[in-house]
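Grab a pencil and work through these exercises with the model open beside you. Each task comes with a solution that goes one step at a time.

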Amino acid sequence: MNPLLIILAVIAVILLFVGGFAASLKFLLWVGIVLLVIAVVLWVVRTLTGRRG
């Protein structure tokens with residue numbers, strides 16, 4: 001997996017936890033979800049096209 005995708009996924013998970021625990025920072029929940037979706041989509045595209053990082 002591309003290092004950038006790994007970094008995006010880690011940041012997404014961290015933001016999801018922070019957004020879930022801090023009600024005043026709900027926008028982080030959405031940012032985390034968006035980053036996680038982007039990381040998953042890019043990983044699927046790279047897997048289907050056969051490119052290796």
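Before you start: this is a predicted model, not an experimental one.

**Exercise 1. Getting your bearings**

Find out how many helices and strands the protein has, and what share of its residues count as buried.

*Solution.* Start with the secondary structure: you should find two helices and zero strands. Next, look at burial: 17% of the 53 residues count as buried. Then turn to the surface, where the accessible area comes to about 4000 Å². Carbon and sulfur atoms account for 79% of that area. Finally, check the contacts between residues at least 6 apart in sequence: 40% of them join residues at least 24 apart.

**Exercise 2. Measuring up a helix**

Work out how the reach of α2 compares with the span expected at 1.5 Å a residue.

*Solution.* First, find the helix: α2 covers residues 26-49, and that makes 24 residues. From first C-alpha to last, α2 reaches 35 Å, close to the expected 34 Å. Now step past its end and you meet Gly-50, with a positive phi near 80°.

**Exercise 3. Finding the core**

Which residues make up the largest nonpolar core, and which elements give two or more residues to this core?

*Solution.* Step one is the membership: there are six residues, namely Leu-8, Ala-12, Leu-15, Leu-28, Leu-35 and Ala-39. Step two is where they come from: α1 (3-21) and α2 each give two or more residues to this core. Step three is to look along α2, where Leu-28, Gly-32, Leu-35 and Ala-39 are buried. It helps to remember that an α-helix has 3.6 residues a turn, so residues three or four places apart point the same way. Step four is to pick one core member and see what it meets: leaving aside residues up to four places away in sequence, Leu-8 touches Leu-35, Ile-38 and Ala-39.

**Exercise 4. Buried or exposed?**

Sort Leu-5, Leu-42, Leu-29 and Phe-17 into buried, partly exposed or exposed.

*Solution.* You need the cut-offs here: buried is under 20% relative accessible area, exposed is over 50%, and partly exposed lies in between.

- Leu-5, in helix α1, has 3% relative accessibility, so Leu-5 is buried.
- Leu-42, in helix α2, has 38%, so Leu-42 is partly exposed.
- Leu-29 also belongs to helix α2, and at 26% Leu-29 is partly exposed.
- Phe-17 sits in helix α1, and because its value is 52%, Phe-17 counts as exposed.

**Exercise 5. Far in sequence, how far in space?**

For Leu-5 and Leu-42, find the C-alpha separation, then list what Leu-5 touches beyond four places in sequence.

*Solution.* Along the chain the two are 37 residues apart, yet their C-alpha atoms are separated by 7.5 Å. Leaving out residues up to four places away, Leu-5 touches Ala-39, Leu-42, Trp-43 and Arg-46. Now try three more C-alpha pairs. Leu-42 and Asn-2 are 40 residues apart in sequence and 9.4 Å apart in space. Leu-29 and Val-18, eleven residues apart, come out at 7.5 Å. Phe-17 and Gly-32, 15 residues apart, give 8.7 Å.

**Exercise 6. A patch on the outside**

Which residues make the nonpolar surface patch of about 470 Å²?

*Solution.* List the members: Trp-30, Ile-33, Val-37, Val-41 and Val-45. Now take Val-37, which is found in helix α2. Its relative accessibility is 47%, so Val-37 counts as partly exposed. For background, nonpolar side chains in soluble globular proteins tend to be buried together.

Definitions and conventions. Residues numbered from 1 in each chain as written. Predicted model: local features only at pLDDT ≥ 70, side-chain atom pairs only at ≥ 80, totals over all residues. Heavy atoms only, no water. Patch = residues over 30% accessible without salt bridge, like charges linked within 9 Å, V, L, I, M, F, W, Y side chains within 5 Å. Areas by Shrake-Rupley, 256 points an atom, 1.4 Å probe, with all protein chains shown as cover. Salt bridge = Lys/Arg side-chain N within 4 Å of Asp/Glu carboxyl O. Helix = DSSP H or I, 4+ residues; strand = E, 2+ residues; numbered from the N terminus. Buried < 20%, exposed > 50% of the residue type's maximum accessible area, 1.4 Å probe, protein only. Contact = heavy atoms within 4.5 Å. Core = buried A, V, L, I, M, F, W, Y, C linked by side-chain atoms within 4.5 Å. Expected span 1.5 Å × (residues − 1).
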